[in-house]
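Take a moment with the sequence and the fold before reading on. The paragraphs below walk through them step by step.

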Amino acid sequence: MASAKIYSSVFIFMILLSLGFQASSDSGIGTINDPPYLPSACYGYEDKGVMIAAANEDLWEGGAACGKYFQVTCTGGTNLGTPHPCTDSPTVTVMITDFCPPPGCKGDLDLSHESFSAIADPAAGGIKISYQQ
């Protein structure tokens with residue numbers, strides 16, 4: 001009887017533990033940014049590769065977003081011209097290297113052409129995304 005209580009307690013603890021550590025994601029709009037990617041607001045002329053993104057004003061946090069990695073998933077199209085833009089592998093990880101200032105910024109994350117192309121048809125120009133740090 002005591003072992004059943006222990007197993008029940010361990011099971012409940014494991015469920016609560018797993019719920020507490022699940023990362024939450026936000027949703028928004030991802031746009032495409034064509035090269036050149038330098039200079040960037042975070043690193044100037046230092047090349048950080050092509051799996052990069054610029055953060056909008058809310059995510060930017062005065063530059064605190066620099067160097068942070070975000071997992072970005074294409075969840076759908078934003079226009080009727082490309083109704084199903086997501087690729088078969090619609091998730092990519094990008095590093096924030098730049099700021100996408102208003103009013104020109106049309107999304108939450110402005111993805112490099114290479115990272116956008118990995119998750120969606122570039123012809124879409126903008127996509128619905130979910131993202132998490």
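What share of the contacts in the protein chain with a separation of 6 or more comes from residues 24 or more positions apart? The answer is 80%. Keep that in mind while tracing the chain.

This is a predicted model. Its average pLDDT is 87, and 83% of the residues score at least 70. One stretch falls short: over residues 3-22 the pLDDT is below 50. Beyond near neighbours in sequence, that stretch has 0 contacts in the model. Where pLDDT is low, predicted coordinates should not be read in detail.

Now the layout. The protein chain holds 3 helices and 6 strands. Along the sequence they run α-β-β-α-β-β-β-α-β. Of the 133 residues, 35% are buried.

Next, the interior. Nonpolar side chains in soluble globular proteins tend to be buried together. Here the largest nonpolar core has 21 residues. Val 72, Ile 96, Leu 109, Leu 111, Ile 119 and Ile 127 have the most contacts inside this core. Many elements feed into the core. At least two residues each come from strand 2, helix 2, strand 3, strand 4, strand 5 (109-112), helix 3 (113-119) and strand 6 (126-132).

Ile 96 gives a view from within. Set aside its neighbours within four places in sequence, and Ile 96 still touches a long list of residues. Among them are Ala 53, Ala 55, Trp 60, Phe 70 and Leu 109. Cys 42 and Cys 66 are also in contact with Ile 96.

Those two cysteines lead to the disulfides. How many disulfides does a search of the whole structure find? It finds 3. Counting bonded cysteines along the chain, the pattern is 1-2, 3-4, 5-6.

Start with Cys 42 and Cys 66. Their disulfide has an S to S distance of 2.0 Å. The link is left-handed, with -80 degrees about the S-S bond. This pair connects distant parts of the chain, 24 residues apart. Cys 42 sits in the loop between strand 1 (26-33) and strand 2 (52-55). Cys 66 sits in the loop between helix 2 (57-60) and strand 3 (69-77). Cys 66 is partly exposed, because its relative accessible area is 26% and the partly exposed range runs between 20% and 50%.

Move on to Cys 74 and Cys 86. Their sulfur atoms are also joined in a disulfide, 2.0 Å apart. This link is left-handed, at -75 degrees about the S-S bond. Cys 74 belongs to strand 3, while Cys 86 lies in the loop between strand 3 and strand 4 (91-99), so the pair ties together parts 12 residues apart in sequence. Are these two ends buried or partly exposed? Cys 74 is buried, at 5% relative accessibility. Cys 86 is partly exposed, at 28%.

The remaining pair is Cys 100 and Cys 105. Their sulfur atoms lie 2.3 Å apart. The torsion about this S-S bond is about 115 degrees, so the disulfide is right-handed. Why do both cysteines count as buried? Buried means under 20% relative accessible area. Cys 100 has 9%, and Cys 105 has 16%, so each counts as buried.

Finish with the rings. A search of the whole structure finds 2 aromatic pairs. Tyr 43 has a charged partner: the charged end of Lys 48 sits over its ring, 4.7 Å from the centre. Tyr 43 is also in contact with Ile 96, one of the core residues with the most contacts.

How values were computed:
Residues are numbered from 1 along each chain as its sequence is written. Side-chain values use heavy atoms; hydrogens and water are left out. A disulfide is a pair of cysteine sulfur atoms within 2.5 Å. Helices (H or I, at least four residues) and strands (E, at least two) are DSSP runs, numbered from the N terminus. Buried means under 20% relative accessible area, exposed over 50%, partly exposed in between (1.4 Å probe, protein chains only). Rings of Phe, Tyr and Trp (its six-membered ring) pair if their centres lie within 6.5 Å; planes under 30 degrees apart count as stacked, over 60 as edge-to-face and the rest as tilted. A charge sits over a ring if NZ of Lys or CZ of Arg is within 6 Å of the ring centre and within 35 degrees of the ring normal. pLDDT is the predictor's confidence in each residue, from 0 to 100. Contact means heavy atoms within 4.5 Å. A nonpolar core is a set of buried Ala, Val, Leu, Ile, Met, Phe, Trp, Tyr and Cys residues joined through side-chain atoms within 4.5 Å.
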